[in-house]
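Here are my notes from going through the model you sent. I've put them as numbered points so you can follow along with the viewer open.

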Amino acid sequence: MDLNTIEAVLRPAGRGDLAGGRDGGRDGDAWLAGGTWLFSEPQPDLRRLVDLGALGWEPLRPSEAGLEIAATCTLARLARLEPPADWAAAPLIPGCCRALVGSFKVWNAATVGGNLCLALPAGPMAALACALDADCLIWTPDGGERRLPARDFVLGPRRTALGPGEVLRRIDVPAAALRRRAALRRIALSPEGRSGALLAGTRGPEGFALTVTAAVRRPVHLAFAAMPGPEALRAALAETIAAADWYDDVHGAPDWRAHVTGLLAEEIRAELAEGGA
Ligand SMILES: Cc1cc2nc3c(=O)[nH]c(=O)nc-3n(C[C@H](O)[C@H](O)[C@H](O)COP(=O)(O)OP(=O)(O)OC[C@H]3O[C@@H](n4cnc5c(N)ncnc54)[C@H](O)[C@@H]3O)c2cc1C
């Protein structure tokens, strides 16, 4: 939709040109990434958009150390990554990208950073980043930077750990996490619907881990030194996720989300229990 309160779209050429952001800097500024959410509803408080795409960040940088994903990398570009053969967890990447069921246009414009920063419970980039032990690299308004585990980035629906004027620059995924075996499960109330539950499990030498998203208000991560049995997994889910943590919106009722989370978690556990670490 037209955002008829916008007076300027800034196209920064480098970091020195960055100023503002919705939560800081000049009032009425917002970082613009793919714009798929920004342009999807009225933004009466906004006056200026600062287009992060103009910074020209390299979308993906795979290396021995792992994978650097620029915040401005689109979901479509990320899904096309051709991973090294030993990244056993790589199928999680296109799987999580496709968990955002948008039109061709949305899918090709939506960015990894925009998805994380919007912090919808159904944000699949949070599932990916948490499951793969990623770190977020954040640019601070004083010209510095800080790092934060992706697990601590999303604090709740539409709430992140970004401070005023901060920009999510990059997500770094360690190679060790990419070498683990992985399994993904998703369910929605309708075939093209938003995720009601999105779960990712990994298994490696350090044990089994399960990330629960979409069903809960913020990502939940469970780690086990050894493969748990069905009972132990069920108990850990019950212990970790309080009744009030199950998300409630038109895409699923809390009791349904809790029920399907249990079923999908057990499917992931059973799949990864086969075949060892
Ligand atoms: C049909 C449709 C279906 C959708 N389905 C889903 C879904 O299933 N799950 C889901 O999570 N979302 C969904 N969305 C919402 C949205 O499109 C996605 O979350 C998308 O990934 C947002 O990314 P973007 O790059 O377009 O962000 P934008 O719209 O550009 O920005 C989103 C917010 O993040 C801020 N921001 C963006 N990048 C940064 C950065 N690097 N640092 C700091 N702040 C930043 C912006 O200022 C803005 O507040 C859907 C939208 C549509 C229209």
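1. Let's start with one residue: does Ala214 count as buried or exposed, and how many C-beta neighbours does it have inside 10 Å? Ala214 has 28 such neighbours, so it goes down as buried. You'll find Ala214 in the loop between β13 and β14 (220-224). Its backbone is worth a look too, with phi near 70°, a positive value in a residue other than glycine. Keep in mind throughout that this is a predicted model.

2. Asp133 makes a good companion to that one. Phi of Asp133 is near 55°, again positive and again not at a glycine. For context, most residues other than glycine have a negative phi. Asp133 sits in the loop between α5 (124-131) and β6. It counts as buried because 23 C-beta neighbours fall inside 10 Å, where 20 or more is the cut-off.

3. Now for a loop residue at the other end of the scale. Asp142 is in the loop between β6 (135-139) and β7 (145-149). With 7 C-beta neighbours inside 10 Å, Asp142 counts as exposed, because the limit for that class is 12 or fewer. Asp142 and Glu166 are 24 residues apart along the chain, and their C-alpha atoms are separated by 9.2 Å.

4. Stepping back to the whole chain: the secondary structure comes to 8 helices and 14 strands. The radius of gyration is 19 Å, close to the 19 Å that the globule rule gives for 277 residues, so the chain is as compact as a globular protein of that length. The C-alpha trace spans about 55 × 40 × 35 Å along its principal axes. Buried residues make up 42% of the 277. Of the contacts with a separation of 6 or more, 64% are between residues 24 or more positions apart.

5. On the domains, the chain is divided into domain 1 (8-53), domain 2 (60-176) and domain 3 (179-273). If you want a feel for the layout, the C-alpha centres of domain 1 and domain 3 lie 34 Å apart.

6. Where does the ligand lie with respect to domain 1 and domain 2? Both domains give residues to the shell around the ligand, so it lies between them. There are 34 residues around the ligand, and those that come nearest are Ala33, Gly34, Thr36, Gly114 and Asn115. The elements giving two or more residues to the shell are β2 (29-32), α3 (104-109), α4 (112-118) and β10 (167-174). Helix α4 has the largest share, with 5 residues. By residue type, the shell divides into 20 nonpolar, 12 polar and 2 charged.

7. Last stop, helix α8. Residues 254-273 make up this 20-residue helix, which reaches 28 Å from its first C-alpha to its last, close to the 28 Å expected at 1.5 Å a residue. Its buried residues are Arg257, Val260, Thr261, Leu264, Ala265, Ile268, Arg269 and Leu272, so do notice the two Arg entries in that list. What do the buried residues of α8 pack against? The partners are β11 (181-188), β12 (195-204), β13 (207-213) and α7 (230-240). Just after α8, Gly275 takes a positive phi of about 85°.

Definitions and conventions
Residues are numbered from 1 along each chain as its sequence is written. This is a predicted model: local features need pLDDT of at least 70, side-chain atom pairs count only at pLDDT 80 or more; totals for chains, interfaces and linings use all residues. Helices (H or I, at least four residues) and strands (E, at least two) are DSSP runs, numbered from the N terminus. The expected span of a helix is 1.5 Å times one less than its number of residues. Two residues are in contact if their C-beta atoms, placed from the backbone, lie within 7 Å. A residue is near a molecule or strand if its C-beta atom, placed from the backbone, lies within 6 Å of it. Ala, Val, Leu, Ile, Met, Phe, Trp, Tyr, Cys and Pro count as nonpolar, Asp, Glu, Lys and Arg as charged, and the others, Gly among them, as polar. Domain bounds come from an automatic or database domain assignment. The radius of gyration is taken over C-alpha atoms; the globule rule is 2.2 Å times the number of residues to the power 0.38.
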